[in-house]
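Welcome! Open your viewer, get comfortable with selecting residues by number, and follow along one stop at a time.

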Amino acid sequence: MHAIAVTPGDPSGVGPEILMMFLRDLPPGGPRPVVLGDRRLLRRAEETVGFHPRWREVGWGEPIVGSEEVGFLSVPWEHPDLPELGKVDPEAGAYAYRVLEVVGGALSRGLVPGVVTGPISKEAIQRRRPEFIGHTEFFANLAGVTQYGMLLVVEPLRAIHVTTHVPFRDVSALLTPERVRETLELARLSLEMLGEPEGAIAVCGLNPHAGEAGHFGREELEAIGPAVEAARRDGLRVVGPLPPDTVFHRALQGEFQVVVCMYHDQGHIPLKMLGFDRGINVTVGLPFVRTSVDHGTAFDLAGTGAANPGSLKAAWSLAGRLLSRP
């Protein structure tokens with residue numbers, strides 16, 4: 001039975017608490033988690049939630065015996081005091097990054113097949129590492145891949161993005177036929193990964209009404225449309241560019257199995273509206289499985305026990321599903 005690494009995220013946020021809720025509700029059978037963390041940090045979350053897992057310290061690749069045990073791999077918090085809850089703390093950010101380095105080393109050496117990541121504070125990490133962009137880019141750099149993408153999943157909707165963490169003013173210049181075509185290939189790979197290789201792909205336009213034949217912008221004619229035509233010639237089941245304000249309704253009705261979006265909020269808004277507490281972020285294009293919660297650190301809820309673990313549960317379920325595929 002394989003194990004899946006789980007990171008708690010920023011220790012000043014809700015990540016450790018939703019981790020305890022997830023472990024409390026984890027059913028027996030199936031893959032088992034190996035949690036990376038510090039016992040003092042996790043004990044604080046245990047007290048908040050009122051649940052104390054049966055920890056078993058393990059090494060990478062060591063089997064976890066007993067359905068009630070939770071594997072634990074220590075990444076020490078090397079400060080006398082715990083970080084304050086609910087605050088952006090550079091030391092907490094540095095610690096969250098250190099956990100990523102540890103699990104990244106295990107993933108790159110093939111010691112663990114996948115990871116489910118908790119919420120981090122990019123601001124906290126960037127105060128120590130200004131070059132840090134996010135989980136997606138971290139794992140892509142670790143794996144040495146240049147073609148990768150962020151797939152959002154709130155079943156039955158899935159969305160993958162041509163651009164993500166860039167200012168909106170830069171989006172148009174980044175929409176080249178080559179970049180859109182690469183994202184269409186990642187959409188195809190996403191469907192294959194999900195066991196739906198014959199699924200249909202919808203492509204959003206950038207502008208209102210998908211440009212209205214050039215009246216509202218040229219991106220559909222000069223970048224998106226040519227990429228769609230090239231993908232069709234290569235055998236992909238792809239339709240577009242389509243008006244962004246109707247495409248998600250059509251996908252929800254089952255017409256499309258994944259939607260290619262041009263920028264961050266174009267995909268995030270409809271999916272989070274559909275299911276904020278069950279959204280999943282999947283990095284496509286990696287040689288290992290990485291799924292994540294699709295929400296932030298929720299500093300305002302840290303320490304209250306009121307955060308919802310639904311997204312972490314969904315991310316765990318999908319990771320197990322992906323790893324169980326032949």
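**Stop 1: Thr-163.** Select Thr-163, which sits in the loop between strand E7 (157-161) and helix H6 (171-174). Keep in mind as you look that this is a predicted model. Is Thr-163 buried or exposed? Its relative accessibility is 1%, and buried means under 20%, so Thr-163 counts as buried. Now show the side chain: one of its polar atoms lies 2.7 Å from the backbone oxygen of Met-262. Leaving aside residues up to four places away in sequence, Thr-163 touches Val-171, Leu-174, Leu-175, Arg-179, Met-262, Tyr-263 and His-264.

**Stop 2: Ile-160.** Step back along the chain to Ile-160, which belongs to strand E7. With a relative accessible area of 0%, Ile-160 is buried. Which residues does Ile-160 touch, not counting those up to four places away in sequence? Among them are Gly-149, Met-150, Leu-151, Val-258, Val-259, Val-260 and Val-284. Try labelling Val-284: it is 124 residues from Ile-160 along the chain, and the two C-alpha atoms are separated by 9.1 Å.

**Stop 3: strand E12.** Next, select residues 289-293, which make up strand E12. Five of its five residues are buried, so E12 is largely enclosed by the rest of the structure. Add strand E5 (residues 114-117), which pairs with E12 in the parallel sense over four bridges. Then add strand E11 (residues 280-284), which runs antiparallel to E12 and is joined to it by three bridges. Click on Thr-291 in E12: it is the bridge partner of Val-116 and also of Val-282. Finally, look at the hairpin of E11 and E12, with four residues between the strands. Gly-285 in this hairpin takes a positive phi near 105°.

**Stop 4: helix H2.** Select residues 39-49 to bring up helix H2, and colour its buried residues: Leu-41, Leu-42, Ala-45, Glu-46 and Val-49. Where do they lie around the axis of H2? They cover an arc of only 140°, which puts them on the same side of the helix. What do these buried residues pack against? Show helix H1 (15-25), strand E2 (32-37), strand E3 (54-57), strand E4 (69-74) and helix H3 (90-108) to see their partners.

Before you leave, visit both ends of H2. At the start, a side-chain oxygen of Asp-38 reaches to within 2.9 Å of the backbone nitrogen of Arg-40. After the helix comes Gly-50, with a positive phi near 80°.

Definitions and conventions: Residues numbered from 1 in each chain as written. Predicted model: local features only at pLDDT ≥ 70, side-chain atom pairs only at ≥ 80, totals over all residues. Heavy atoms only, no water. Helix = DSSP H or I, 4+ residues; strand = E, 2+ residues; numbered from the N terminus. Buried < 20%, exposed > 50% of the residue type's maximum accessible area, 1.4 Å probe, protein only. Polar contact = N/O pair within 3.5 Å; in protein donor to acceptor, adjacent residues only side chain to side chain. Contact = heavy atoms within 4.5 Å. Pairing = 2+ DSSP bridges. Arc of directions from axis to C-beta.
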